[in-house]
Amino acid sequence: MTLADGIWHQIFSFDNYGELLALVRNSLIAGAALGLIGGLAGVFVIMRDLPFAVHGISELSFAGASAALLLEANVVAGSIAGSLVAAGTIGVLGVRARDRNSAIGILMPFGLGLGVLFLALYKGRAANKFGLLTGQIVAVDTPQMTWLLGTSAVVLLALAVMWRPLTFASADPDVAAARGVPVRGLSLAFMIVLGLAVALSVQVVGALLVLTLVVTPAAAAARITASPVLLPLLSVVFAVVSIEGGILLALGSSIPISPYVTTISFTLYAACRLAGAHRTRRWGARRAAPQPASS
């Protein structure tokens, strides 16, 4: 076997695939739930220009999960706790974009440093350490599934309640405030919801690449539609396809899940960007074309 064949076999190897498929049943269910909440939350992340905040929250989520791993506590609970601390801090201190970005810039290295410290002190399996950074697919057991699905339900309920006023406040906060919409309160509430969504995403795609699940699908959908109905729908579809496809591909290899999820997600974004650019050119050409003179 050549070196190229060996690398290819590592990336795509479907030996005993049917038997392995049964091992990721929980992961596939969790992936569908994460795709749903990631796709919906991502719509507001794009509208409110919060991709940097997602990354900052993921670092504190990583620190919380690492601390839980060190203390032999529930890793999902630790991840959620870290995310909520970060989200609450950003939401309270970062009302303006400059203040928000400064707060995130301070939190990110602090969270990453804490996470690295906790993992250095942890003497357990190396795979557990690696999984917090790059994701894992077969480690979603029944207790974790309960946490994931329960928290996902809370996120979905919160988004359903605040969807219309949050859309208004995200599109035009000044007008929304003048109309009596509690813009500041909605901003803080959404940051908490975003923290929960990020914490759940970290469990599958890892802290380093959580943006690919919470940001990229919505950014891809925004390239081809501005419809208030199609945008969240396509964002959810792209997120679910990315994570479920990544799980199914990673199952047949020795490579972590993250490269597969990110590749699928980026491919969808690139295709949507090209489609959007092509549509814009066609629309511009139609407008530039001379109109027939009326008789």
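This passage describes the fold, the nonpolar cores, the aromatic pairs and selected contacts of one predicted protein model.

Residues are numbered from 1 along each chain as its sequence is written, and side-chain values use heavy atoms, with hydrogens and water left out. Because the model is predicted, local features need pLDDT of at least 70 and side-chain atom pairs count only at pLDDT 80 or more, while totals for chains, interfaces and linings use all residues.

The protein chain has 14 helices and zero strands. Here helices (H or I, at least four residues) and strands (E, at least two) are DSSP runs, numbered from the N terminus. From that end, the order of elements is α-α-α-α-α-α-α-α-α-α-α-α-α-α. The chain holds 295 residues, and 45% of them are buried. Buried means under 20% relative accessible area, exposed means over 50%, and partly exposed lies in between (1.4 Å probe, protein chains only). The accessible surface of the chain comes to about 14,600 Å². Carbon and sulfur atoms account for 68% of this surface. Accessible areas come from the Shrake-Rupley method with a 1.4 Å probe; for residues, only the protein chains shown count as cover. Among contacts with a separation of 6 or more, 78% join residues 24 or more positions apart. A contact means heavy atoms within 4.5 Å.

In soluble globular proteins, nonpolar side chains tend to be buried together. A nonpolar core is a set of buried Ala, Val, Leu, Ile, Met, Phe, Trp, Tyr and Cys residues joined through side-chain atoms within 4.5 Å. The largest such core in this model has 65 residues. V45, V54, I57, F190, M191 and L194 touch the most other members. Helix α10 (residues 183-205) supplies the largest share of this core, with 14 residues. A second, separate core has six residues, including V43, A221, F238 and C272. Back in the largest core, I57 shows how one of these members is surrounded. Leaving aside neighbours within four places in sequence, I57 contacts S83, A86, A87 and I90. The contacts of I57 also include M191, L194, G195 and V198.

The structure holds two aromatic pairs. Rings of Phe, Tyr and Trp (its six-membered ring) pair if their centres lie within 6.5 Å; planes under 30 degrees apart count as stacked, over 60 as edge-to-face and the rest as tilted. F44 and W163 form an edge-to-face pair, with 4.7 Å centre to centre and 75° between the planes. This pair links distant parts of the chain. F44 lies in helix α3 (residues 25-47) and W163 in helix α8, 119 residues apart. F44 has 0% relative accessibility and so counts as buried. W163 is partly exposed, because its relative accessible area is 22%. The rings of F44 and F190 have centres 5.7 Å apart and planes at 65°, so this pair is also edge-to-face. F190 sits in helix α10, 146 residues from F44 in helix α3. Both F44 and F190 are buried. Ring pairs thus link F44, W163 and F190 into a cluster.

L166 belongs to helix α8 (residues 142-171). It counts as buried because its relative accessibility is 0%. Leaving aside neighbours within four places in sequence, L166 contacts F44, R48, L186 and F190. Its C-alpha atom is 9.3 Å from that of A176, 10 residues apart along the chain.

A33 lies in helix α3. Its relative accessible area is 16%, so A33 is buried. Residues up to four places away in sequence aside, A33 touches L149 and S152. The C-alpha atoms of A33 and S152 are 6.6 Å apart, although 119 residues separate them along the chain.

E244 is found in helix α13 (residues 230-251). At 15% relative accessibility, E244 also counts as buried. It touches L28, G31 and A32, not counting residues up to four places away in sequence.

At the surface, L84, V92, L188 and I192 make a nonpolar patch of about 280 Å². Helices α5 (75-93) and α10 give two or more residues to this patch. Patches are made of residues with over 30% relative accessible area and no salt bridge: like charges are joined within 9 Å, nonpolar side chains (Val, Leu, Ile, Met, Phe, Trp, Tyr) within 5 Å. A salt bridge is a side-chain nitrogen of Lys or Arg within 4 Å of a carboxyl oxygen of Asp or Glu. L188 is found in helix α10. Its relative accessible area is 33%, so L188 is partly exposed.
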